Structures are given as structure tokens and as C-alpha cells.
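Colleague: Could you take me closely through one part of this model, in one connected account? Please give the cut-offs as you go.

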Amino acid sequence: MNKAWIPLCLLLLAGISLAGCSKPIEFTGKSAFWSVDATVRPFSNEKSFVIKYIGEDQQPVKGVRYAFENSKNFNGKGEHAAAAAHLRVTGTSTLDQPYDDETGFNVRIHWNDKEEIIPVAKRQ
């Protein structure tokens with residue numbers, strides 16, 4: 001075998017290893033009223049989430065407050081005061097610290113004088 005192939009093979013293996021590191025880590029959770037999808041991209045040091053109201057109530061949701069609980073990667077909270085029939089809350093930010101491998105966490109949501117805790121689990 002020609003020795004020129006050795007560096008090429010090593011470069012190819014290094015590229016494959018780096019490609020595996022850039023795969024996003026996804027989390028998902030759902031209830032009768034809400035769905036939560038969250039993603040961490042450790043390679044780019046970024047995290048994002050989408051919280052959607054999926055309930056079939058006739059009244060719009062209002063006074064929505066949410067908080068991420070028991071997570072080392074997602075630790076934020078927020079509000080959405082305006083009323084909406086099909087509410088969708090999104091967020092993207094930089095990780096506060098290096099990615100911490102976790103299997104899941106909770107999202108607590110308050111709306112229309114109701115409260116729910118949604119378990120969010122890592123997709124396999």
C-alpha cells in the first residue's frame with residue numbers, strides 16, 4: 001500500500017469524529033395542553049427551545065409564565081402576557097457553561113389560572 005494514503009485516512013477519520021460532535025442533542029415533552037422541544041448544540045455552544053400551546057380550549061391562553069426546572073443546560077424562565085389562541089414561545093441563547101449530559105428536566109407552565117409541569121426527556 002502506498003504511504004501517501006496513510007495521512008489521507010487519518011484526515012478522513014478525524015473528519016468523521018468531528019462530525020459526530022456537531023450532532024444536536026434533542027429533548028421533547030408533551031401534555032394535553034403543551035408541547036416542549038429543546039435542542040442543545042454543544043459544538044456551537046448554543047441552546048434553543050419551542051413551547052407551543054396545543055390545547056383545544058375555546059378561550060385564548062393569557063398570562064403565560066414558564067420556567068425550566070432541574071436542568072443544568074436550560075435554566076431560564078419567562079412570560080408572555082398577550083392573549084393568543086395558538087401561542088408559540090421560542091428562545092435561543094448561548095450555553096452558560098459547557099454542555100452537561102442530562103436525561104431530562106421539567107418545564108413548569110402557568111396560564112389562565114392553571115399550572116402544569118411537563119417532563120421533558122432526551123430523545124434517543
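Modeller: Happy to! Burial first: a residue is called buried under 20% relative accessible area, exposed over 50% and partly exposed in between, with a 1.4 Å probe and protein chains only. The model is a predicted one, in which local features need pLDDT of at least 70 and side-chain atom pairs count only at pLDDT 80 or more, while totals for chains, interfaces and linings use all residues. Residue numbers start from 1 along each chain as its sequence is written, and side-chain values rest on heavy atoms, with hydrogens and water left out.

Let me take the sheet, with its loops and charged pairs. Strands here are DSSP runs of E with at least two residues, and helices would be H or I runs of at least four, numbered from the N terminus. Two strands count as paired if DSSP finds at least two bridges between them. On that basis eight strands form an open, antiparallel sheet in the order 5-4-7-8-1-2-3-6. Its edges are strand 5 (77–80) and strand 6, each of which pairs on one side only. From one strand to the next the twist averages 15°; the axes behind such angles are lines fitted to C-alpha atoms (for helices over the stretch in contact), and the angles run from 0 to 180 degrees between N-to-C directions.

Zoom in on strands 4 and 7, which pair in the antiparallel sense over five bridges. Arg65 has His110 in strand 7 as its bridge partner. A side-chain link belongs to these two strands as well: Arg108 forms a salt bridge with Glu69, with the closest N and O atoms 2.7 Å apart. A salt bridge here is a side-chain nitrogen of Lys or Arg within 4 Å of a carboxyl oxygen of Asp or Glu. Arg108 sits in strand 7 and Glu69 in strand 4 (residues 64–69), so this pair links parts of the chain 39 residues apart. Both are partly exposed: Arg108 has a relative accessible area of 23%, and Glu69 comes out at 21%.

The whole structure holds seven salt bridges. Another one joins Glu26 to Arg123 (3.2 Å, N to O). Glu26 belongs to strand 1 (residues 25–30) and Arg123 to the segment after strand 8, 97 residues apart. Arg123 also meets Asp37 in a salt bridge of 3.3 Å, N to O. Asp37 is in strand 2, so this pair ties together parts that are 86 residues apart in sequence. None of the three partners is buried: Glu26 is partly exposed at 32%, Arg123 at 43% and Asp37 at 27%. Through their shared partner, Glu26, Asp37 and Arg123 form one network.

Glu102 makes a nice contrast. This residue lies in the loop between strand 6 (88–94) and strand 7. Glu102 is buried yet has no salt bridge, and the nearest side chain of opposite charge, Lys72, is 7.7 Å away. For charge, Lys and Arg count as positive and Asp and Glu as negative, while His and the chain ends are not counted. The side chain of Glu102 does reach the backbone nitrogen of Lys72, at 3.1 Å. That falls under polar contacts: N or O atoms within 3.5 Å, where within protein one must be able to donate a hydrogen and the other to accept it, and residues adjacent in sequence count only if both atoms are side-chain atoms. Beyond its neighbours within four places in sequence, Glu102 is in contact (heavy atoms within 4.5 Å) with Phe27, Asn70, Ser71, Lys72, Asn73 and Lys122.

Two other loops deserve a look at their backbone. Most residues other than glycine have a negative phi. Asn112, in the loop between strand 7 (104–111) and strand 8 (114–122), has a positive phi near 40°. Asn112 is buried, with a relative accessible area of 18%. Asn45, in the loop between strand 2 (34–41) and strand 3 (46–53), has a positive phi of about 60°, and is partly exposed at 32%.

Finally, Gly55 sits in the loop between strand 3 and strand 4 and is buried at 15%. Its C-alpha atom is 4.0 Å from that of Phe33, 22 residues apart along the chain. Leaving aside neighbours within four places in sequence, Gly55 is in contact with Ala32 and Phe33.
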